Every structure is written in structure tokens, then in C-alpha cells.
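User: Could you take a close look at the sheet in this protein for me? I'm new to this, so please go through it step by step.

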Amino acid sequence: MNSPASLTGAHLRTYQTIFQHPASHNLEWRAVRTLLEKLGHLAEEPNGNLKVTRNGQTLILHPPRTKDVDDTDELMALLRRG
């Protein structure tokens, strides 16, 4: 996995956690949101969902009900296209 060169500190740790195997179950939504703001364009929709656009790819994310992200598959797909 090659991480974007612009990432450091907490953003880099979050990026690496998304791609680690086996997948982490301690990935905080707050950390993912700030990473996505750093790497792409993030817009909050009126219903609370997040629309993330990066390199021409768009992903709609539904914020989890808990503080942790349950499924990282969509995130991995979006970040790999970078």
C-alpha cells in the first residue's frame, strides 16, 4: 500500500489503519472524516450523509451510529483511486 505523500501524523495513521489486514475494528469516524477532508472534497448533505469526491470519484457515506466505522470497503475503493 502506498500512502499519499501529503499525509503525516494522525492522517497517515488513519490511512494506514484503513488498509491494514486484518481490518481494524477501532477506526474512529471522526478520524476518517478529517482524513477525507484532507484528501478530497467533502460535503454534508441535508440528511446527514457525507458526499466525498476525490479524483473524479464520488462516494456517499452514511455516518455510523457509533463512534467507530464498521465497514472500510468503500473507503478503500475511494482511496485506492487516488
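Analyst: Let's start with one pair of residues: Lys-51 stands opposite Ile-60 in β3. Before going on, a word on the source: this is a predicted model, where local features need pLDDT of at least 70 and side-chain atom pairs count only at pLDDT 80 or more, while totals for chains, interfaces and linings use all residues. Residues are numbered from 1 along each chain as its sequence is written, and side-chain values use heavy atoms, leaving out hydrogens and water.

Strand β2 covers residues 50-54 and strand β3 covers 57-61, and five bridges pair them in the antiparallel sense. (Strands are DSSP runs of E, at least two residues long, and helices are runs of H or I, at least four, all numbered from the N terminus; two strands pair if DSSP finds at least two bridges between them.) Together β2 and β3 make a hairpin with two residues between them, and Asn-55 in that turn has a positive phi of about 50°.

Now add β1, and you get an open, antiparallel sheet of three strands in the order β1-β2-β3. β1 (41-44) and β3 are the edge strands, each pairing on one side only.
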